[in-house]
Amino acid sequence: MQLNALRDANFTLLDDAVSDWSTLVGHLEELKKDAEDDLHQAANKADWAGVNAKMSKEFIGKTAGEFTDAHTQAKSIHNILSDTRDELKGYHGQLVDAIEGGRKKNLAVIGYDGGFTVTTNVPPEGRAQGDKDNATEITALRDQIQGILNKATESDETAKTVLQTIADQSELGFTDANYANRDDAAAAVKEADELAELAKKNPDDLTVQDFDRLNAGLKKYGGDELFAERFATRLGPQKTLEFWTGITDANRGNYELGRERLDQFDDLQRNLSMTLAHASHSDSAAMADWKRTMIDIGDKPLYGDRGGPMGFQVMSNLMRAGDYDDRFLQDYGTKLMETERKLTGNGAHRNGFWQLMGGDPWLNRIGDDSGSDPLTGYLKGLSNSPDAATSFFNQEYVSKDNPDNPFERDSDDENDYKGKVTLSNFQYLFEERDWPQEVDLHGDDIHTGQNNLALALEAATTGHPAGEIPTADTPAHNAEQAKLMENIVQSISEDPSRLSKNSYMSDSMGQIAAEYMPDINRQLHAGQDHETALFPIAGTAAAPDERDLTRFLYTVGQNPEGYAAVNLGQHSYTTQLMQHHFEHPDAYVQDPSFSQSENLKQGIDGVARTAGQIEGILGAGRAYAGELEGGAKDAEYNAALENASTWGGTAIGIGVGMATEPLTGPGGAIIGDLAGTAADEIISSITEGAMKDSSGEVIYRNGASFQDTSDSTYKLVEAASRKAGENSGHRYPLIEASVATSAEDGFDSAGRKVHQYLDGEGIPRQLDTED
């Protein structure tokens, strides 16, 4: 800051800018409220169908979000400008006062380009006696003015830095960086620079104090957009990988960290992952270069000619926490799978390069796996980023036209001839990949990679992060998600052992089935006339065939967590669907030859029949698992039902409803609390009954015979129709009296389908019972 610039500063333009930004913030506050209340909420409540269910609703949601981001960014800019203006005005006043104080002491301050000087106004003939005093006063005034200019320079420069950094965050649209004042933003940038320099140190030289400061700083600021981008770009891709490898590699020389902070390595991994994930959303040129370079060095040894793990092996472990930018994940995954093809002969053999060997660094500290297989960490990252996951799994892995394609299958089901087939990334990973072996510290086999695969598939098909429930903003299922769901069902039907031998995947498969319950009901319902009205679906409907669905549900039912998810999801959906039709009795058919009640009865009976069919298929799978493993399985199923019932508080998070109701959201998935609804009462009766002794008088008796399972289904369907009628304000006793018979028809047809599609397996004499 030049002396003349600060002394002669005219703050009128800066005052006007602050005032204009204040006005803009006020206008954007109103627009944000209008966009949220009038556009966003209205869009969530609208009866979207077809392409609109995906495109219009999602577009409106994102547009409304841009108004929020615009308001946040404008408010931050206003706060920074206002703080800087006030500070500069203060420094201007201090400078003027200092110069005036010097004038009273016969001292003159003269500014020039590049600096200033302080001289005395005392005539030469009067200086001799006061030379010493004058020199002291000149030095003091010079230091005072220089201190003021230094502070003004810092204020001006930090404002420029943070404003430029905010502007660089988003190439299109707005950033949601939120700062109450200039100092907070400047502190974040300053901390990023200092921590990046600390992380650049040779990992062998990092002290325990350095570790603690990095860990604390990343935890505090990791969610700050300016900090995250600044830290990542200042550290750089190569140094990022070297830093984490150096920290976690027990073979290196920093034994102090391993001895003193080993139990905190997982915290550092999460904090670093979250920071890089936030940074990946920045559109700055420096961050674009960071992402491009990170992908480029992914297939190269970390230390060049000196070897070390591949870049992918290190970086993928830093994807286990946080929501990374979709485009970065997609580009990263494309290069990762290209590397997998090179190292496995297009999948013909195991990838030995990514198998943990003696002396290899243990790159993962979150969970039990070593982190040597980069697909394990990458898939966990995809489980937090649904759109990227959908794109990745539907991407081609190897083409049938590739002469080096090792995969041959019977493609026409008419003879034994096998030909080359094109495989997607989903098919390769789920059906063909020979996963590197992983063991825990006790030497037991673990399957973190395949489990993360299931989580990523859950995100890819449902449109929301795995383990979470849909919200009003979750878009309806699109064509790509529905296609992947169909491929999963078909794959498990083709070879049920793909799931039954990897039962740890079943909870995710059950979650997928629960959120596609409208689609499943439609596909299992006999006939096609008016089924879109009977089973309304938002977005694109998945359409796996009856044979595949039967085999899929039967296999999922053999696992307690999978069974619980589908079971509760089905009962919740059935209850809500009945209530929907009771409230809209003309939604299904309006045949003038029959009364409205008769038309409604036809629809409700169809709903009950399909519910019985799903319960029959699930019950057969559960019973088969019980016979294989004995009565001890009963307690596992009870525990799974109890856990599932608490996912969403008083209501279950996996409940699904109709796309036509404001209460419901994507694909008909419940987005509100079910408390007090008919579905809530039904779910409570299931879970509370499951916890009681099987001899008690309960609606749902898990530890009873197969016959009691069917009886429980009929009672639940009856209860659902009664409670749904009560909640709709109009009960239909004739319908309540007939739904159990319809459910029985469905349950019986399930038995026939299990015999037909599974060679008679799974219709036992009785369900597993506790000894």
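How much area does the chain expose, and what share of it do carbon and sulfur atoms supply? The chain exposes about 32,900 Å², and carbon and sulfur atoms supply 47% of it. Accessible areas come from the Shrake-Rupley method with a 1.4 Å probe, and for residues only the protein chains shown count as cover.

This is a predicted model, in which local features need pLDDT of at least 70 and side-chain atom pairs count only at pLDDT 80 or more, while totals for chains, interfaces and linings use all residues. Residues are numbered from 1 along each chain as its sequence is written, and side-chain values use heavy atoms, with hydrogens and water left out.

Start with the whole chain. It has 29 helices and 8 strands. Helices (H or I, at least four residues) and strands (E, at least two) are DSSP runs, numbered from the N terminus. Of the 771 residues, 54% count as buried. Buried means under 20% relative accessible area, exposed means over 50%, and partly exposed lies in between (1.4 Å probe, protein chains only). Now take the contacts between residues at least 6 apart in sequence: 75% of them join residues at least 24 apart. Contact means heavy atoms within 4.5 Å.

Next, go to helix H4, residues 131-168. Ile-145 is found there. Its relative accessible area is 0%, so Ile-145 is buried. Leaving aside neighbours within four places in sequence, Ile-145 is in contact with Leu-3, Leu-95, Ala-98, Ile-99, Val-109 and Phe-116. Val-118 is 27 residues from Ile-145 along the chain, and their C-alpha atoms are separated by 9.6 Å.

Asn-150 also has its place in helix H4. Is Asn-150 buried or partly exposed? Asn-150 counts as partly exposed because its relative accessibility is 45%. Its C-alpha atom lies 7.3 Å from that of Met-1, although the two residues are 149 apart in sequence.

Two other asparagines draw attention through their backbone. Most residues other than glycine have a negative phi. Asn-106 is not a glycine, yet its phi is positive, at about 65°. Asn-106 sits in the loop between helix H3 (51-104) and strand S1 (107-112). With a relative accessible area of 39%, Asn-106 is partly exposed. Asn-346 also has a positive phi of about 65° without being a glycine. Its loop runs between H13 and H14. Asn-346 is buried, as its relative accessible area is 11%.

That loop leads to helix H14, residues 374-382. How many of the 9 residues of H14 are buried? The count is 8, so the helix is mostly covered. The buried residues are Pro-374, Leu-375, Thr-376, Gly-377, Tyr-378, Leu-379, Gly-381 and Leu-382. They pack against helix H12 (311-315), helix H13 (326-344), helix H15 (386-394), helix H16 (425-432) and H17.

Thr-376 also helps to line a cavity. The structure holds 2 cavities of 30 Å³ or more. A cavity is a set of points, on a 1 Å grid over the protein atoms alone, where a 1.4 Å probe fits but cannot get out; lining residues have an atom within 4 Å of a point. Grid points are joined across faces, edges and corners, and a volume is the space filled by probe spheres set on the points.

Which residues line the second largest cavity? They are Asp-369, Asp-373, Thr-376, Trp-435, Pro-436, Glu-438, Thr-448, Gly-449 and Gln-450. The volume of this second largest cavity is about 60 Å³. Helix H17 (residues 448-462) gives the most to its lining, with 3 residues. By type, the lining divides into 2 nonpolar, 4 polar and 3 charged residues. Here Ala, Val, Leu, Ile, Met, Phe, Trp, Tyr, Cys and Pro count as nonpolar, Asp, Glu, Lys and Arg as charged, and the others, Gly among them, as polar.

Move on to Arg-498, in helix H19 (residues 497-500). Arg-498 counts as buried because its relative accessibility is 13%. Not counting residues up to four places away in sequence, Arg-498 touches Arg-409, Phe-430, Glu-431 and Ser-491. A polar atom of the Arg-498 side chain lies 3.0 Å from the backbone oxygen of Ser-491.

Finish at His-525, in the loop between helix H21 (517-524) and helix H22 (531-534). His-525 has a relative accessible area of 14%, so it is buried. Beyond its neighbours within four places in sequence, His-525 is in contact with Glu-531, Leu-534, Phe-535, Gly-606 and Thr-610.

Methods: 1 Å grid on protein atoms, 1.4 Å probe; cavity = no way out; pocket = protein on both sides within 12 Å on 5 of 7 lines; lining within 4 Å. Polar contact = N/O pair within 3.5 Å; in protein donor to acceptor, adjacent residues only side chain to side chain.
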